[in-house]
Amino acid sequence: MKTISRIEKETRKRKILVVDDERINRLLLGKILEEEYELLFASNGREALDIIKSEYKTLSIILLDLLMPVMNGFELLEALEAEKRYKNIPVIVLTSEHNAEIRSLQIGAVDFIPKPYDMPEVIRARVKRSIKLAEENTVLNAVENDSLTGLYNREFFFEYAKDLDMYHNELEKDAIVVNINRFHLVNELYGHSAGNDLLRAVADSVRTLLREYIGLACRCDSDTFYLYLEHSADPSEIAGRLISDIAGRSGLSDVSVRIGIYESCDRSLTMEQRIDRAAIACNTCRSSYSSSYAFYDNELHEKELFCEKLVRDTDKALAEGQFVVHYQPKFNIEGDKPRLSSAEALIRWMHPEHGRISPGVFIPLFEENGLIQKLDRYVWNEAAKAVAEWKKNYGITLPVSVNVSRVDMYDPGLEDELLKIVSSNGLSPRDLLLEITESAYSGNSGQMIEVIGKLREDGFMIEMDDFGSGYSSLNMLSSMPIDILKLDMGFVRKICESDKDKRLVEIILEIADFLSVPVIAEGVEKEEQYLLLKSMGCNVIQGYYFSKPLPPENLGMWLARTK
Amino acid sequence: MITIEKLKDFGADTDEGLARCLNDESFYLMLVQSAITFEQIDRLCEQTSVGDLDGAFETSHALKGVYANLSLTPLYQLVYELTEQLRNRKNIDYGPLTAKLRERMEQLQASAQ
């Protein structure tokens with residue numbers, strides 16, 4: 001659909017400003033052009049500039065004499081070049097001087113009409129052609145440029161970056177990605193106009209760089225900028241300059257950027273891949289509160305690719321049962337002899353290609369992209385089946401604790417889902433212990449209290465996992481409905497070597513005592529750890545000292561022996 | 001009143017001048033009529049006599065453009081010569097050239113009356 005301005009442009013007479021100090025020359029040009037164009041006249045550069053200030057949006061071309069009083073044609077050309085809004089108005093110089101022709105073309109004129117004037121047809125043709133070229137150029141600019149910053153848009157950036165390689169094949173290139181940290185907050189806190197100013201400031205900084213280095217840049221995805229530059233001996237210097245220049249131009253004290261650099265791009269990669277590598281580097285910048293930069297490194301990329309592959313393989317792995325749930329027994333040590341009291345479900349990924357993958361690799365990844373919910377449900381079902389199987393085969397009910405991730409807590413279907421799983425396996429909620437990591441409580445504690453309260457009402461027992469590793473306040477602990485505290489493994493590991501850790505465990509045990517909840521210590525590997533914890537009043541022990549995680553059938557055999 | 005014939009007699013290339021004016025005779029003659037003035041010639045004489053060569057160059061350059069566009073060849077030739085000398089800011093006696101220019105303009109003015 002045509003826009004209104006486009007329709008107007010197609011139907012209205014184009015407007016021409018004739019600037020000449022000689023009235024006769026103005027009249028003559030007027031005579032030649034008046035039939036096809038709307039004409040404005042000025043007798044010197046100063047008058048012309050006043051007209052341009054008010055008419056620049058609708059001026060199609062300026063016909064400019066050079067030698068004039070008050071302000072000559074060269075001075076006007078320079079004034080037009082210096083003002084961004086006027087730059088796109090084409091200027092044809094009217095002159096009889098050959099030297100002036102060259103100089104005027106150099107400072108921005110698009111063409112010249114010699115004096116004495118050519119035949120009218122020639123003048124009309126030259127004017128028409130210059131207007132057409134300028135309008136086509138404007139259309140092209142509108143298509144290839146980001147209207148806010150004037151930099152290329154993404155599509156043309158990639159196109160011209162390839163051209164840059166073609167014309168400067170001898171130069172190595174660096175790909176750079178600049179991203180504004182927490183840009184949405186700038187818009188929210190200072191308004192969209194300030195956000196736009198910031199984007200323009202970044203673009204100006206980038207343009208400053210482009211004056212020194214062969215290259216090009218674009219704005220992409222709101223607050224991200226791509227640069228493709230000739231390789232610099234010290235790209236950190238470029239990053240540092242961009243950071244300080246942007247900070248200086250933005251005028252906002254709390255604005256920061258992160259910059260990713262992929263230097264000396266591998267030419268066998270596509271342009272998109274080169275920028276991707278700079279973007280990967282950009283994503284590794286940790287802080288979102290201060291400006292920083294990072295270089296792409298291949299190892300990092302391999303890791304990222306591996307993670308991406310794992311994510312892609314997940315659905316298939318769940319369908320094919322590549323995830324294997326093992327169970328680590330927990331022993332109650334309150335009596336004379338340790339007594340098997342429950343187990344914890346622990347997951348492994350037996351990947352057909354990569355072998356056994358540790359949960360330390362895929363759990364954080366799944367937590368990031370939400371896949372953890374699928375995995376949790378898988379484990380809940382497997383664990384419930386295992387408990388039911390043991391119950392059926394050995395007549396013993398061994399509760400199993402399963403992980404409930406933070407994101408599950410926001411799922412309105414959580415309660416129903418868990419109840420369905422236990423009932424469909426002929427179990428009671430007491431048979432599935434729910435482990436919620438301490439850090440999950442620190443988010444929306446009001447919501448947590450509500451969800452956990454409901455689950456407890458249903459009969460589920462709640463274990464606060466990794467206690468001591470998060471930032472629970474004592475105040476929160478007193479109001480949080482929990483049934484068991486699970487001591488963070490870090491304390492247990494050093495409990496015999498460090499008095500400080502030993503003292504901390506004592507304090508935690510005192511807190512648990514105050515709250516009237518039992519404490520589980522996991523990661524117990526040595527007898528001395530076990531004995532110490534027992535002497536300190538710890539209730540339940542889990543760790544290699546007693547047993548490594550076992551496949552369900554092995555734990556079943558253990559239960560058979562117990563029986 | 002100036003006519004095409006009188007201009008031809010004066011030595012103007014009226015075909016070229018008319019063509020530039022889309023062969024609109026009355027428009028062309030109106031422009032020529034307005035060019036028949038001593039205002040700028042007087043200024044040029046003044047500027048050359050006091051040695052204001054920059055100003056004189058600007059004036060003669062402007063006149064050159066007008067006479068060329070109107071194809072007033074005898075005036076154009078004189079003013080062209082003046083402009084070239086003034087372009088190099090030559091410190092010569094411009095009196096004879098400006099006198100000739102005045103004389104030619106007087107001639108044109110006389111034929112226009």
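**Tyr67 of chain B, the A–B interface and selected salt bridges**

Good morning. I begin with one residue of chain B. Setting aside neighbours within four places in sequence, Tyr67(B) is in contact with Ala35(B), Ile41(B), Leu72(B), Leu75(B), Tyr76(B), Val79(B), Leu101(B) and Met105(B). Please bear in mind that this is a predicted model. Tyr67(B) belongs to helix α5 of chain B, which spans residues 53-69. Its relative accessibility is 1%, so Tyr67(B) counts as buried. Gln77(B) follows ten residues further along the chain, and the two C-alpha atoms are 9.0 Å apart.

Helix α5 also brings us to the interface with chain A. Here, 22 residues of chain B are in contact with 18 residues of chain A. About 1900 Å² is buried between the two chains, and carbon and sulfur atoms give 64% of that area. Which three residues supply more than any others of the area that chain B buries against chain A? They are Arg20(B), Leu22(B) and Asn69(B), with 32%.

Turning to polar interactions, six residue pairs are in polar contact between chain B and chain A, with both residues at pLDDT 80 or more. On the chain B side, the elements that give two or more residues are α2 (14-20), α3 (25-35) and α5. Of these, α5(B) gives the most, with nine residues. By class, that side of chain B has eleven nonpolar, five polar and six charged residues.

The count of salt bridges between the two chains is one. In that bridge, the side chains of Lys31(A) and Asp24(B) meet at 2.5 Å, N to O. Is each partner buried or partly exposed? Lys31(A), at 16% relative accessibility, counts as buried, whereas Asp24(B), at 22%, counts as partly exposed.

Over all chains, the count comes to 39 salt bridges. Lys31(A) lies in helix α2 of chain A (residues 23-33) and Asp24(B) in the loop between α2 and α3 of chain B, so this pair joins two chains.

Within chain A, I would mention two further pairs. Lys173(A) and Asp165(A) meet in a salt bridge at 2.9 Å, N to O, and both residues are buried. Lys486(A) and Glu522(A) form another, at 3.6 Å, N to O. Lys486(A) lies in strand β17 (residues 484-487) and Glu522(A) in strand β18 (residues 519-522), so the pair ties together parts that are 36 residues apart in sequence. Lys486(A) is buried at 0% relative accessible area, and Glu522(A) is buried at 6%. Shared partners join these two residues with Lys330(A), Glu344(A), Glu435(A) and Glu463(A) in one salt-bridge network.

Technical notes
Residues are numbered from 1 along each chain as its sequence is written. Chains are lettered from A and ligands numbered from 1 in the order in which they are written. This is a predicted model: local features need pLDDT of at least 70, side-chain atom pairs count only at pLDDT 80 or more; totals for chains, interfaces and linings use all residues. Side-chain values use heavy atoms; hydrogens and water are left out. Helices (H or I, at least four residues) and strands (E, at least two) are DSSP runs, numbered from the N terminus. Buried means under 20% relative accessible area, exposed over 50%, partly exposed in between (1.4 Å probe, protein chains only). Contact means heavy atoms within 4.5 Å. Buried area is the accessible area (1.4 Å probe) that two parts lose on being put together, summed over both. A salt bridge is a side-chain nitrogen of Lys or Arg within 4 Å of a carboxyl oxygen of Asp or Glu. A polar contact is a pair of N or O atoms within 3.5 Å; within protein, one must be able to donate a hydrogen and the other to accept it, and residues adjacent in sequence count only if both atoms are side-chain atoms. Ala, Val, Leu, Ile, Met, Phe, Trp, Tyr, Cys and Pro count as nonpolar, Asp, Glu, Lys and Arg as charged, and the others, Gly among them, as polar.
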